[in-house]
Amino acid sequence: MPSPIGHSLAGICGYILVQPHIPKYQRLSCLFTSVFIANAPDLDFLPGIFLQADPGMFHRQATHSLIVAIIVGVLTALIARYLKFKHWNWFGLWTGGLYASHIFLDLMVADDAPPFGVQLFWPLTSDYFILPLTIFGGFNYGGSGLFGFLFSLFSFQNLIFVLQEIVILVPCIWFVWYGQKHLIKKPT
Ligand SMILES: [Zn+2]
């Protein structure tokens with residue numbers, strides 16, 4: 001998997017995409033929401049840490065399914081509609097897309113041990129899928145329990161992987177920002 005920093009950079013891309021359409025006083029909460037959703041599938045570490053002291057126990061399974069991304073999009077759209085958001089359908093598309101961005105990045109990670117990839121079509125199948133294109137290093141995690149897990153994140157190898165993600169994803173942020181500023185019609 002890319003690191004939380006890599007997924008957060010993807011979340012910033014998602015924020016920049018909608019930023020001109022968000023009232024100024026809501027922009028900070030929109031940014032945090034965007035970063036949270038872009039990282040949300042990796043919350044599957046938590047049950048493994050607390051139940052079995054094994055962070056990888058449920059990792060890259062149900063929460064990394066495209067079907068779950070669609071459900072997230074539909075549910076958030078329905079909630080936004082209930083709350084009378086003006087563009088509730090676009091909001092659902094945005095949240096579902098952000099969630100799917102996480103899965104998409106995870107499909108392009110160097111995976112050095114089976115099963116390779118993620119359970120992309122859970123619950124239809126529990127098979128794992130990965131793209132043949134590898135862009136990101138396999139950010140390592142391990143140890144047992146919460147503290148073992150947290151300490152494992154701060155290795156030199158992980159630092160190199162994070163720098164790789166910054167080199168790849170920061171230009172993507174610039175590209176989205178440039179496209180938003182110069183190519184997409186501003187709301188009136
Ligand atoms: Zn993930």
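Which residues coordinate the zinc ion? Let's take a closer look, keeping in mind that this is a predicted model.

**Figure 1. The zinc ion and its donor residues.** Asp42 and Asp106 each contribute an OD atom, while His64 and His102 each contribute NE2. These atoms coordinate the zinc ion at 2.0 to 2.2 Å. Along the sequence, the donor residues follow the spacing D-x21-H-x37-H-x3-D.

**Figure 2. Angles around the zinc ion.** Here the view turns to the geometry of the site. The four donor atoms subtend angles of 90 to 165° at the zinc ion, so the arrangement is irregular. A tetrahedral site would need all angles to lie between 85 and 135 degrees. For reference, the ideal angle for four tetrahedral donors is 109.5 degrees.

**Figure 3. Two zinc donors in helix α5.** Helix α5 spans residues 88–106 and holds both His102 and Asp106. The two are four residues apart, or about one turn of the helix. His102 and Asp106 are both buried.

**Figure 4. Helix α2 crossing helix α5.** Helix α2 covers residues 27–39, and its axis comes within 7 Å of that of α5. The two axes cross at roughly 45°, which makes α2 oblique to α5. This crossing is right-handed.

**Figure 5. Confidence across the protein.** The average pLDDT is 90, and 96% of the residues score at least 70. Confidence peaks in helix α4 (residues 66–82), with a mean of 97. Helix α6 (residues 145–152) has the lowest confidence, at a mean of 75. As a friendly reminder, predicted coordinates should not be read in detail where pLDDT is low.

Note on methods. Residues numbered from 1 in each chain as written. Predicted model: local features only at pLDDT ≥ 70, side-chain atom pairs only at ≥ 80, totals over all residues. Heavy atoms only, no water. Donors = N, O, S within 2.8 Å, 3.2 Å for Na, K, Ca; no water. Tetrahedral: all angles 85-135°; square planar, octahedral: opposite > 155°, others 65-115°. Buried < 20%, exposed > 50% of the residue type's maximum accessible area, 1.4 Å probe, protein only. pLDDT = per-residue confidence, 0-100. Axes fitted to C-alpha atoms, helices over the stretch in contact; angles between N-to-C directions. Parallel < 35°, antiparallel > 145°, perpendicular 65-115°, else oblique. Left-handed = near helix turned anticlockwise from the far one by under 90°.
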